[in-house]
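Hi,

Here is the structure I promised to pass on. Could you load it up before reading the rest?

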Amino acid sequence: MRLKEKTHRKFVDFFEKISNMYQGQDFELAYSDIQRETGAASVTLKRAIQALAEDGVLDVQPGRNSRYARFRYLLAAQTADGIEPSSSEKEDDENSIVDEQQNNDTINENLQELLQLVDHLRRRVRNQEMSIALLQDRMAEIEDKLRKR
């Protein structure tokens, strides 16, 4: 079953934005994060990912567990290959190009560092959430034992 155009566009835009954030590299996302960002139901999410994979927009691989997947946004590579620089771009001053490249390199390094920090914080939060859930389960077991007495 095909997606509605609006839903399809929403998911393509989302994955394009994330791919740009990761500079076209593979990225791992939790399905819950995708749902939160797109506002889609889990069934719609699964259908959308499957449809985008069939259309050649995404390459989807299993992630670290069943709640995650590794994605590669394929449209970015296709559009980048099809674009040729214009003659005006070829005539740019070499010094300005070198300066731009240095600025881009600095920005890319800063972005990579921030992405690593955010990923680290996400892992810490996830570990804390798992610890809280474990403690809640243990408290429920203790409460059940106390009620039985």
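Below are my notes on the helix packing, the core, the aromatic rings and one backbone oddity.

Some housekeeping: this is a predicted model, where local features need pLDDT of at least 70 and side-chain atom pairs count only at pLDDT 80 or more, while totals for chains, interfaces and linings use all residues. Residues are numbered from 1 along each chain as its sequence is written, and side-chain values use heavy atoms, with hydrogens and water left out.

Helices first (DSSP runs of H or I, at least four residues; strands are E runs of at least two, and both are numbered from the N terminus). The axes of H1 (5–21) and H3 (residues 42–54) come within 10 Å and cross at roughly 75 degrees. These axes are lines fitted to C-alpha atoms over the stretch in contact, with angles from 0 to 180 degrees between N-to-C directions. H1 and H3 are therefore roughly perpendicular (65 to 115 degrees; under 35 is roughly parallel, over 145 roughly antiparallel, the rest oblique). On the H1 side the contact (heavy atoms within 4.5 Å) uses Thr7, His8, Phe11, Val12 and Phe15, and H3 brings Thr44, Leu45, Ala48, Ile49 and Leu52.

His8 counts as buried at 17% relative accessibility (buried is under 20% relative accessible area, exposed over 50%, partly exposed in between, with a 1.4 Å probe and protein chains only). Leaving aside residues up to four places away in sequence, His8 touches Leu3, Leu52 and Asp55.

The largest nonpolar core (buried Ala, Val, Leu, Ile, Met, Phe, Trp, Tyr and Cys joined through side-chain atoms within 4.5 Å) has 20 residues, and Phe11, Phe15, Leu29, Ile34, Leu52 and Phe71 touch the most other members. H1, S1, H3 and strand S3 (68–73) each supply at least two residues of this core.

Now the rings: there are five aromatic pairs (Phe, Tyr or Trp rings, the six-membered one for Trp, with centres within 6.5 Å; planes under 30 degrees apart are stacked, over 60 edge-to-face, the rest tilted). Phe14 and Phe15 are edge-to-face, with centres 5.2 Å apart and planes at 75 degrees. Tyr22 and Phe27 are stacked, at 5.5 Å and 15 degrees. Ring pairs link Phe14, Phe15, Tyr22, Phe27 and Phe71 into a cluster.

Finally, the oddity: Gln23, in the loop between H1 and strand S1 (27–30), has a positive phi near 55 degrees. Most residues other than glycine have a negative phi. Gln23 is partly exposed, at 31%.

Cheers
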